[in-house]
Amino acid sequence: MKNSMMQKLVRAFVLLATAPIISAGSLAAERPNVVILYADDMGVGDVSYGDSEAKIQTPNIDRLASQGMTFSDGHSSSGICTPSRYALLTGQHHWRSFHDIVNAFEPSVFKPGEFTIARMFHKQGYTTACFGKWHLGWDWDAIRKPGVTKKEWPKAESYDWTKRFPGGPVDQGFDHYFGDGTINFPPYCWIEDDRFATIPTRPVIKSKPLAGGGGFRPGPMAEGWNPYEILPTVTEKTVEWIKKQKADKPFFAYLAFNSPHYPIVPNKPFQGKSKAGYYGDFVIETDAMVGKVLAALEEKGFAENTIVIFTADNGTEKHAFQRLEEFDQWSSGELRGLKRDLYEGGHRVPFVVSWPGKIAAGSRSDEVVSQVDFAATFAEIIGYELDNKVAIDSYNILPVLKGEKYKRPLRVATVQNTNKGKYALRQGDWVLIDASSGSHSGEPAAYLEHFGLESYPKDNPGLLFNLKEDPRQTKNLYQEHPEKVAAMRQLLKRYTEGERCAPERN
């Protein structure tokens, strides 16, 4: 008996001794780095994709697209920024919890310990970092002095700027944060991790003259604060962080640009570089920042094992109407609508995913995908088991990315929403807008005439479009297909009343 046991132990030792050694580096190679580059208020028509005639040239985003997959039908969750960012990070549509943006001095949108992809990456051994625009709220009560009234919130003296500033990125799964919070919301200063790197002691922002305009909410500002410095600074901090990473530990970086959002502040080397005014110049500067991040990945030898995503939180601002008249450049391309709209231009955004060796270079997909899908997709890639209580709207789009066979269409349907009580449901080629109009801020007569569009009265019962035949959403088919309207409205009702959008996981 003893000899038999000894023989088993010897055999086990021999097997262990002769087994292939799996190093930390080889494990990291199985878990790719992930970098999300998130533009702010940018339309699908603002990327050149190799078109030499485009009025805005974006060679670095174009190069990323040539190395990976471009989605022609990729969406943010909302037509405004806070909801889209929340949905991207949680894999759950914002409208299950809220609809609006986080205003100045308002709390975090996250529940304590809520699932985020940053937490998921962290649990799988990743180093995680967030840079740039946060706009998901902070715990202001932690630094607000006792007895301060709401009227006094914008005053610098209402806060203890030496205290820890909780509720932000480092409390939502990120190891590190560097940014300005939100470019046109106070406080106007640098925040590093959960501390103020520069102290906002000035009472109201006074900036240098802005190239392309744009306002600021009143509130505390650091001495010498300059909005022109934000984009290059957050990019440089991202590059520095990437260069500090090691090959034996995977990382996740989320760089949320402040551009080309208001204020439109392209730096002088980029002014006049586009044929679409200062906005186009700001897009070109954003593209240059994308190039800096890609160069850092290549310099460190990370490029071959890094998933890089470029997308945006929603469509462009309504100054696009002026650019259309002045420069004949329409940021939404062949689509109708802008930021805040339920029309496609409000939430269909640039959507590029690169993963060398896994995604075919220069590939394109017309599959309908959403930023909520990142959670389930990343979970599959890094071996994280999502339960059915989190990321309930997230589809795993890995088969699409890899060009594998899958049931088409991948998604049963996709819900779009910006304002409370107004929704759109996309199903196949069809989209139902369950509202009188898909426009939020109005459509100028010149714009309607330019594209041959019709406006709709307030008592209009709804809109139905076939996007394959009519991507501009010019012909309302609502009255012609009552059965389709009824079926889509019923499915939309099921979702908005609590049913998950993604199928349950095994």
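# Cavities, pockets, sheet and cores

Visitor: Which residues lie nearest the centre of the largest cavity?
Guide: Trp 138, Trp 140, Thr 182, Phe 185 and Pro 186 lie nearest its centre, out of 16 residues that line the largest cavity. Keep in mind that this is a predicted model.

Visitor: About how much space lies in the largest cavity?
Guide: The largest cavity holds about 130 Å³ of space.

Visitor: And how does its lining divide into nonpolar, polar and charged?
Guide: The lining of the largest cavity has 9 nonpolar, 5 polar and 2 charged residues.

Visitor: How many cavities of 30 Å³ or more does the count come to?
Guide: The count comes to 3. The second largest cavity has a volume of about 60 Å³.

Visitor: What lines the second largest cavity?
Guide: Its lining includes Ile 307, Ile 309, Val 353, Trp 355, Phe 374 and Phe 378. Strand S9 (306–312) and H9 are the elements that give two or more residues to this lining.

Visitor: Which element gives the most to that lining?
Guide: H9 does, with 4 residues. By class, the lining of the second largest cavity has 10 nonpolar residues, 1 polar residue and no charged ones.

Visitor: Where else does H9 turn up?
Guide: In the largest nonpolar core, which has 68 residues. Helix H9, residues 374–382, gives the most to this core, with 7 residues.

Visitor: Which residues have the most contacts inside the largest nonpolar core?
Guide: Ile 36, Ile 117, Phe 252 and Tyr 254.

Visitor: Take Ile 117. What is it in contact with, leaving aside neighbours within four places in sequence?
Guide: Ile 117 is in contact with Ile 36, Leu 88, Leu 89, Phe 252, Ala 375 and Phe 378. Phe 378 also helps to line the second largest cavity. Apart from the largest core lies another core, of 49 residues, among them Met 42, Phe 178, Ile 264 and Phe 302.

Visitor: Why would nonpolar side chains be together like that?
Guide: In soluble globular proteins, nonpolar side chains tend to be buried together.

Visitor: New topic, the sheet. What is the order of its strands?
Guide: The order is S7-S6-S5-S4-S8-S1-S9-S10-S2-S11, in an open sheet of 10 strands with mixed pairing.

Visitor: Which strands stand at the edges, and why is one side of each left without a neighbour?
Guide: Strand S7 (195–196) and strand S11 (363–365) stand at the edges. Each has a single partner strand, so one side of each has no neighbour in the sheet.

Visitor: Do S4 and S5 run parallel or antiparallel, and how many bridges join them?
Guide: Strand S4 (residues 127–133) and strand S5 (residues 176–181) run parallel, joined by 4 bridges. Lys 133 stands opposite Gly 181 in S5.

Visitor: Now pockets. About how much space lies in the largest pocket?
Guide: About 680 Å³. Of the 32 residues lining the largest pocket, Ser 72, Asp 73, Arg 348, Asp 366 and Arg 426 are the closest to its centre.

Visitor: Which elements give two or more residues to that lining?
Guide: Strand S2 (69–71) and strand S14 (423–427). By class, the lining of the largest pocket has 14 nonpolar, 7 polar and 11 charged residues.

Visitor: And the second largest pocket, about how much space lies there?
Guide: About 510 Å³ lies in the second largest pocket. It is lined by 19 residues, and the closest to its centre are Tyr 395, Asn 396, Pro 503, Glu 504 and Arg 505. That lining has 10 nonpolar, 3 polar and 6 charged residues.

Technical notes: Residues numbered from 1 in each chain as written. Predicted model: local features only at pLDDT ≥ 70, side-chain atom pairs only at ≥ 80, totals over all residues. Heavy atoms only, no water. 1 Å grid on protein atoms, 1.4 Å probe; cavity = no way out; pocket = protein on both sides within 12 Å on 5 of 7 lines; lining within 4 Å. Points joined across faces, edges and corners; volume = space filled by probe spheres on them. Nonpolar A, V, L, I, M, F, W, Y, C, P; charged D, E, K, R; others polar. Pairing = 2+ DSSP bridges. Core = buried A, V, L, I, M, F, W, Y, C linked by side-chain atoms within 4.5 Å. Buried < 20%, exposed > 50% of the residue type's maximum accessible area, 1.4 Å probe, protein only. Contact = heavy atoms within 4.5 Å.
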